[in-house]
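Biologist: I am new to this structure and would like a close look at a single part of it, with enough of the surroundings to place that part in the whole.

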Amino acid sequence: MIRLDRWLASLGEGSRREVREWIRGGQVCVDGRVIRDPALSFDPEGVRLSLRGRALDGRLTRHVLLHKPAGVLTAARDPKQPTVMDLLPPVYRSLECMPVGRLDRDTTGLLLLTTDGEMSHRLLSPGRHVDKVYRARVRGRLESADVQAFAAGMDLGVFTALPAVMTILRAEAEFSLAEVTLREGKYHQVRRMFAATGHEVTALHRRSFGPLLLPEELREGDWRELTRAEVCALRRAAGMETERQA
Ligand code: URA
């Protein structure tokens, strides 16, 4: 349950003060009834909210699957560069629907954003080991010794990478393509692991995050909310009970 004034303000419709005035002025309806008391509480998932006759999507819990393009920062905001939040309607920023982990500026692919701080925290916790699958294009020919180096885990100086599965998809003198499955997500991890084997990553793309797969039809820069089934699978991956549906 949430107070009506707080609810409207969380949706980014106006400041707390503004929305209070609108409510007192009879501009806000819940389930078709004008409500003039800003302090009345409602279930945001269970009733219909409208402002000046315009129906609002009042859900406070949102989970977004974004196909991140290159050249965009994984950050809530940045004074100079575009961020992933700029790709979503402003209500997601108002609701603090935040990226779960980060992809480098030039990495493309699946990025999850959620308003559920607990789920985010659990999915990122070092002990949780949620698989992430990447496709990488690297300079030079990948060899089976590189596959073994990934499988053995690596001391990268700043951290030691756990054993990871690297599969060579194509190997040529100039460049190679590989798929990498990580169970952790440290800073620049894929790039650092390839660098440690003498290969510079020239393109990196995330295909999956735990149970979530990047849908083929979702083009770079496009996004959609998770389906119910995806939310359940994600909650399971996060070690959360799934009955309390999000
Ligand atoms: N590893 C990297 O090096 N970069 C990413 O963006 C993700 C994983």
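Which residues are buried in α4, and what do they pack against?

Modeller: Please keep in mind that this is a predicted model. In α4, the buried residues are Met119, Ser120 and Leu123. Seen down the axis of α4, these buried residues fall within an arc of 100°, so they line one face of the helix. An α-helix has 3.6 residues a turn, so residues three or four places apart point the same way. On the other side of α4, Gly117 and His121 are exposed. The buried residues of α4 pack against three strands, β7, β9 and β15, and against one helix, α7.

To place this helix, it helps to step back to the whole protein. The protein has seven helices and 17 strands, and its C-alpha atoms fill a box of roughly 70 × 40 × 35 Å along the principal axes. Of its 246 residues, 42% are buried, and among the contacts with a separation of 6 or more, 64% are between residues 24 or more positions apart. The protein is divided into domain 1 (2-56), domain 2 (63-126 + 211-245) and domain 3 (132-209), and the centres of domain 1 and domain 2, taken over C-alpha atoms, are separated by 27 Å.

Two of the partners of α4 can be followed further. Strand β7 spans residues 63-68 and holds histidine 63, a residue that is buried, with a relative accessible area of 5%. Histidine 63 lies 53 residues from aspartate 116 in sequence, yet the two are 7.9 Å apart in space, C-alpha to C-alpha. The other partner, helix α7, covers residues 228-237, and its buried residues are Glu230, Val231, Cys232, Leu234 and Arg235. What covers these buried residues of α7 includes α4 itself, together with β7, β9 (108-114), β16 (212-213) and β17 (223-225). Just after α7, glycine 239 takes a positive phi of about 75°.

Helix α4 also has a part in the largest pocket, which holds about 450 Å³ of space. Of the 27 residues that line this pocket, the closest to its centre are Lys132, Glu184, Gly185, Lys186 and Tyr187. The elements that give two or more residues to the lining are α4 (117-124), β10 (132-139), α6 (189-196) and β15 (201-209), and β15 is also one of the elements against which the buried residues of α4 pack. By class, the lining has 12 nonpolar, seven polar and eight charged residues, and at least three residues are drawn from each of domain 2 and domain 3.

For a parallel elsewhere in the protein, consider helix α2 (residues 16-24), whose buried residues are Val19, Trp22 and Ile23. Seen down the axis of α2, those residues also fall within an arc of 100°, so they line one face of the helix, while Arg17, Glu21 and Arg24 are exposed on the other side. The cover over the buried residues of α2 includes α1 (4-10), β2 (28-30) and β5 (49-51), and just after α2, glycine 26 takes a positive phi of about 80°.

Terms used
Residues numbered from 1 in each chain as written. Predicted model: local features only at pLDDT ≥ 70, side-chain atom pairs only at ≥ 80, totals over all residues. Heavy atoms only, no water. 1 Å grid on protein atoms, 1.4 Å probe; cavity = no way out; pocket = protein on both sides within 12 Å on 5 of 7 lines; lining within 4 Å. Points joined across faces, edges and corners; volume = space filled by probe spheres on them. Helix = DSSP H or I, 4+ residues; strand = E, 2+ residues; numbered from the N terminus. Nonpolar A, V, L, I, M, F, W, Y, C, P; charged D, E, K, R; others polar. Domains from an automatic or database assignment. Buried < 20%, exposed > 50% of the residue type's maximum accessible area, 1.4 Å probe, protein only. Arc of directions from axis to C-beta. Contact = heavy atoms within 4.5 Å.
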